[in-house]
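Trainee: I have a new structure open on my screen. Could you show me how to read it, one feature at a time?

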Amino acid sequence: MLKIHNLSVEVKDKKILKDLNLTINDGEVHVIMGPNGTGKSTLSKVIMRDDNFTVTKGTIKYNDKDILSLTTDEVARLGIFLAMQYPISIEGVSNADMLKSALTIRGEKNINLFKFITELENAYDELNFDKSTIHSSINEGFSGGERKKNEIIGMKILKPSFIILDEIDSGVDVDNLKVISSNILKYKNESNASLLIITHYPHILNYIKPDYVHIMKDGNIVKTGTSHLADEILKEGYEASIMKEDL
Ligand SMILES: Nc1ncnc2c1ncn2[C@@H]1O[C@H](COP(=O)(O)OP(=O)(O)OP(=O)(O)O)[C@@H](O)[C@H]1O
Ligand SMILES: [Mg+2]
């Protein structure tokens, strides 16, 4: 269970998150929608302990462990995974090397190389992804949509228990959205992982049914509903959806 209590966050003296509360139980799917610049990605980065952000108040606990006292690698080792909004390319480090190193650092000392590569190749196949890039630099020369697919390959190999998807659907075509969503859903059903989906569009929710949809505005969650809230946002916009009586 992830429990965020009264979280306030600043970056360069600018208040971004303001007394934010959110609890996500094991296996639940939560969606955060909200206007640009409202703090959605900031929340995901603070959970992953990005030190560009200063926590001025509040707590984040994962299974009762204090996340705020941990470093990024320690958070990742707890099983928390972030698929980033803007995945970067890393020259000179291959996908295979990065994922193998991550598994090794996590403590899986005797990785069977054949088994690892087979599993990685299967992940590429399941994402309809070109296997020739397994040993090339991470995301180098990849399109936006390809980078998003690569994040999901990482998820399948690292097998997290808590997954944050920051706009995994942005820049992804309809066919690939289906492929990405079905891979996420399959993994979620196998693992009972929790999902925190940050998105601007309800289409991904046709594949992955949320338990809760939250609207974030000015650094706080101002409304919570079911998947109907996402449809309403698409039709009427954020302001009208926030003002409407609860569904
Ligand atoms: N490193 C930074 N330095 C300065 N300001 C920052 C930094 N990171 C985020 N911000 C500011 O914090 C606010 C929240 O940004 P954030 O990326 O969390 O928004 P978001 O809700 O994810 O928006 P979008 O829907 O556009 O992705 C914005 O005003 C942004 O400019
Ligand atoms: Mg963002």
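Trainee: Let me start in the middle of things: which residues does Ile 197 touch, not counting residues up to four places away in sequence?

Mentor: A general idea helps here. In soluble globular proteins, nonpolar side chains tend to be buried together. In this model, which is a predicted one, Ile 197 touches Val 29, Val 31, Leu 165, Ile 204, Ile 208 and Pro 210, leaving out residues up to four places away in sequence.

Trainee: Which residues touch the most other members of the largest nonpolar core?

Mentor: That core has 53 residues, and Ile 47, Ile 163, Ile 164, Leu 165 and Ile 197 touch the most other members.

Trainee: Ile 47 makes me curious about its helix. How many residues of H1 are buried?

Mentor: Helix H1 covers residues 40–47, and seven of its eight residues are buried, so the helix is mostly covered. The buried ones are Lys 40, Thr 42, Leu 43, Ser 44, Lys 45, Val 46 and Ile 47. Look just after H1 too: Arg 49 takes a positive phi of about 65° there.

Trainee: How should I read a positive phi?

Mentor: Most residues other than glycine have a negative phi. Asp 13 is not a glycine, and yet its phi is positive, about 65°. You will find Asp 13 in the loop between strand E1 (2–11) and strand E2 (14–24). Asn 63 is another case, with a positive phi near 50°. Its place is in the loop between strand E4 (54–62) and E5.

Trainee: Why does Asp 13 count as exposed, and why does Asn 63 count as partly exposed?

Mentor: Count the C-beta neighbours. Asp 13 has 6 of them inside 10 Å, so Asp 13 counts as exposed. Asn 63 has 13 C-beta neighbours inside 10 Å, and therefore counts as partly exposed.

Trainee: Now for helices. How do I describe two that pack together?

Mentor: Two packed helices are described by the angle between their axes and the distance between the axes. Try helix H4 (residues 113–126) and helix H5 (residues 144–158): they pack at an angle of about 140°, with their axes 10 Å apart. H4 and H5 are therefore oblique to each other. The crossing in which H4 passes H5 is right-handed.

Trainee: Which residues make the contact of H4 with H5?

Mentor: From H4 come Glu 119, Leu 120, Ala 123 and Tyr 124, and from H5 come Ile 153, Lys 156 and Ile 157. Sorted by class, this contact of H4 with H5 has five nonpolar, no polar and two charged residues. A general point is useful when you look at such lists: an α-helix has 3.6 residues a turn, so residues three or four places apart point the same way.

Trainee: At what angle do the axes of H5 and H6 cross?

Mentor: Helix H6 spans residues 174–191, and its axis crosses that of H5 at roughly 15°, the two coming within 11 Å. That makes H5 roughly parallel to H6. H5 passes H6 in a left-handed crossing. On the H5 side you meet Gly 145, Lys 148, Lys 149, Ile 152, Met 155 and Lys 156, and on the H6 side Asn 176, Ile 180, Asn 183, Ile 184 and Tyr 187. The classes in the contact of H5 with H6 are five nonpolar, three polar and three charged residues.

Trainee: What does the pair H3 and H5 look like, by angle and handedness?

Mentor: The axes of helix H3 (residues 95–105) and H5 cross at roughly 35° and come within 10 Å. Their crossing is right-handed. Asn 95, Leu 99 and Ala 102 of H3 make the contact with Asn 150, Gly 154, Ile 157 and Leu 158 of H5. This contact of H3 with H5 divides into four nonpolar, three polar and no charged residues.

Trainee: One last spot: where is Leu 70 found, and what is it in contact with?

Mentor: Leu 70 is in the loop between strand E5 (65–66) and helix H2 (72–77). Leaving aside neighbours within four places in sequence, Leu 70 is in contact with Arg 49 and Val 75. Leu 70 has 18 C-beta neighbours inside 10 Å and so counts as partly exposed. Sequence distance and spatial distance are worth reading together: Leu 70 and Met 48 are 22 residues apart in sequence and 9.0 Å apart in space, C-alpha to C-alpha.

Note on methods
Residues numbered from 1 in each chain as written. Chains lettered and ligands numbered in written order. Predicted model: local features only at pLDDT ≥ 70, side-chain atom pairs only at ≥ 80, totals over all residues. Axes fitted to C-alpha atoms, helices over the stretch in contact; angles between N-to-C directions. Helix = DSSP H or I, 4+ residues; strand = E, 2+ residues; numbered from the N terminus. Parallel < 35°, antiparallel > 145°, perpendicular 65-115°, else oblique. Left-handed = near helix turned anticlockwise from the far one by under 90°. Contact = placed C-beta atoms within 7 Å. Nonpolar A, V, L, I, M, F, W, Y, C, P; charged D, E, K, R; others polar. Core = buried A, V, L, I, M, F, W, Y, C linked by C-beta atoms within 7 Å. Buried ≥ 20, exposed ≤ 12 C-beta atoms within 10 Å, placed from the backbone.
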